[in-house]
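The exercises below are meant to be worked with the sequence and the model side by side. Please try each task before reading its solution.

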Amino acid sequence: MAEQNYVELRHVNKKYKDFQASDDINFGIGKGKLIGLLGPSGSGKTTILRMLAGLEHADSGEIIIDGRVVNDVPASERGIGFVFQNYALFRYMTIYDNVAFGLELQKMPKKLIKERVTKLLEMTGLSGLEKRYPNQLSGGQRQRVAFARALAPNPQVLLLDEPFAAIDAKVRGELRTWLKELVEKLGITSIFVTHDQDEAVEVADEIIITNHGTIEQMGT
Ligand code: ADP
Ligand code: MG
C-alpha cells in the first residue's frame, strides 16, 4: 500500500505581480518525514513554506494537510511551527517568555505553561537559561530557543527556513545532527529549506530540488 502523505501540494501556482514564484508545484511528504527543500536563492523555496503555513495564498492548486484542503484555513489553525533564518526572537522577553509566548496566546493555564516550557528547554538543551535575554545567548542557543518556541504549541508540521544559515560552520554541523535526532524523536513532519547541498544530504530523509519556481528533481 502506498504511504499516505501527511502534507501534499497539488498543482500549486503563485505569482507576485507577473513573476511566477511557484509553477505547478507537486509533492507529498509522509508523516514524520524530514524533507529537504534545496535550491538556489530566488528559486521559490520560501514561497512554498509561506503558502503551507498560510502566510501567503496560492493562486491555484491545493494545499493539503492531514487529508484536508487548507487553502482557506487561517495560519493560526493549521498546526504549523515555523523557524526562520534570523531567529526572530522577541528581544525584550526572557528565554522563558519567548518559549511561553504561543501557549499564553492559547490561554493555557500558567502551571501547564511552566511544565511545558521546562520540558521544551530540557529537550533543546537550554535548561538554566530561562531568565536570560536573547542577546545574552550564542547564535546556536538562540536558534534552539526559536525551535523550542515553534514546538511549544505542539505543531503537527514544522517548517524550517534556512534555520542555520546565520550560524558559524562549526556550530552548524552540531545543530544539523541535533535537529535530525530531535525531529526523529518527535516524529514531526518537517520541511528543511537550505541552499547547501551537503546540509540537505546530511539532514533530510528525502530531497526536493527547486529551480525557477519549479521542482526539478525529487528523491532520496
Ligand atoms: P527562495 O526562498 O528560494 O530564495 P523565494 O520564494 O523567497 O525564493 O522567492 C522566489 C522569487 O519570488 C524571488 O525572485 C523573489 O524575489 C520573489 N518574491 C518573493 N516574495 C515576493 C513578494 N512578496 N513580492 C514580489 N516578489 C517576491
Ligand atoms: Mg528563502
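Glutamate 8 is buried, with a relative accessible area of 19%, where buried means under 20%, exposed over 50% and partly exposed in between (1.4 Å probe, protein chains only). This is a predicted model, in which local features need pLDDT of at least 70 and side-chain atom pairs count only at pLDDT 80 or more, while totals for chains, interfaces and linings use all residues. Residues are numbered from 1 along each chain as its sequence is written, chains are lettered from A and ligands numbered from 1 in the order in which they are written, and side-chain values use heavy atoms, with hydrogens and water left out.

**Exercise 1. Find the salt-bridge partner of glutamate 8, then examine lysine 111 and glutamate 184 in the same way.**

Step 1. A salt bridge requires a side-chain nitrogen of Lys or Arg within 4 Å of a carboxyl oxygen of Asp or Glu. Glutamate 8 satisfies this with arginine 10, the closest N and O atoms being 2.9 Å apart, and arginine 10 is partly exposed at 36% relative accessible area.

Step 2. Lysine 111 bridges to glutamate 115, with the closest N and O atoms 3.6 Å apart. Because these two residues are four apart in helix α3 (residues 110-123), about one helical turn separates them; helices here are DSSP runs of H or I with at least four residues, strands are runs of E with at least two, and both are numbered from the N terminus. Lysine 111 is exposed at 61%, whereas glutamate 115 is partly exposed at 46%.

Step 3. In helix α5, glutamate 184 and lysine 180 are likewise four residues apart, about one helical turn, and their closest N and O atoms are 3.8 Å apart. Glutamate 184 is exposed at 55%, and lysine 180 partly exposed at 23%.

Step 4. The structure holds ten salt bridges, and a network of them links Arg176, Asp196, Glu199 and Glu202.

**Exercise 2. How many aromatic pairs are there, and how are the rings of phenylalanine 82 and phenylalanine 84 arranged?**

Step 1. Rings of Phe, Tyr and Trp (its six-membered ring) pair if their centres lie within 6.5 Å, and planes under 30 degrees apart count as stacked, over 60 as edge-to-face and the rest as tilted. By this rule the count is five aromatic pairs.

Step 2. Phenylalanine 82 and phenylalanine 84 have ring centres 4.4 Å apart and planes at 10°, so they are stacked. Phenylalanine 82 is buried at 16%, while phenylalanine 84 is partly exposed at 33%.

Step 3. For phenylalanine 164 and phenylalanine 192, the centres are 6.0 Å apart and the planes at 55°, so this pair is tilted. The pair links distant parts of the chain, 28 residues apart, with phenylalanine 164 in the loop between β7 (157-161) and α5 (169-186) and phenylalanine 192 in strand β8 (residues 189-194). Both residues are buried, and ring pairs join them with Phe147 and Trp178 into a cluster.

**Exercise 3. In what order do the six strands of the open sheet lie, and which stand at its edges?**

Step 1. Two strands pair if DSSP finds at least two bridges between them. The order is β6-β7-β8-β3-β9-β10, with mixed pairing.

Step 2. The edges are β6 (80-83) and β10 (214-219); each has a single partner strand, so one side of each is left without a neighbour in the sheet.

Step 3. Strand β9 (residues 206-211) runs antiparallel to β10 and is joined to that strand by five bridges, among them the one between isoleucine 209 and glutamine 217.
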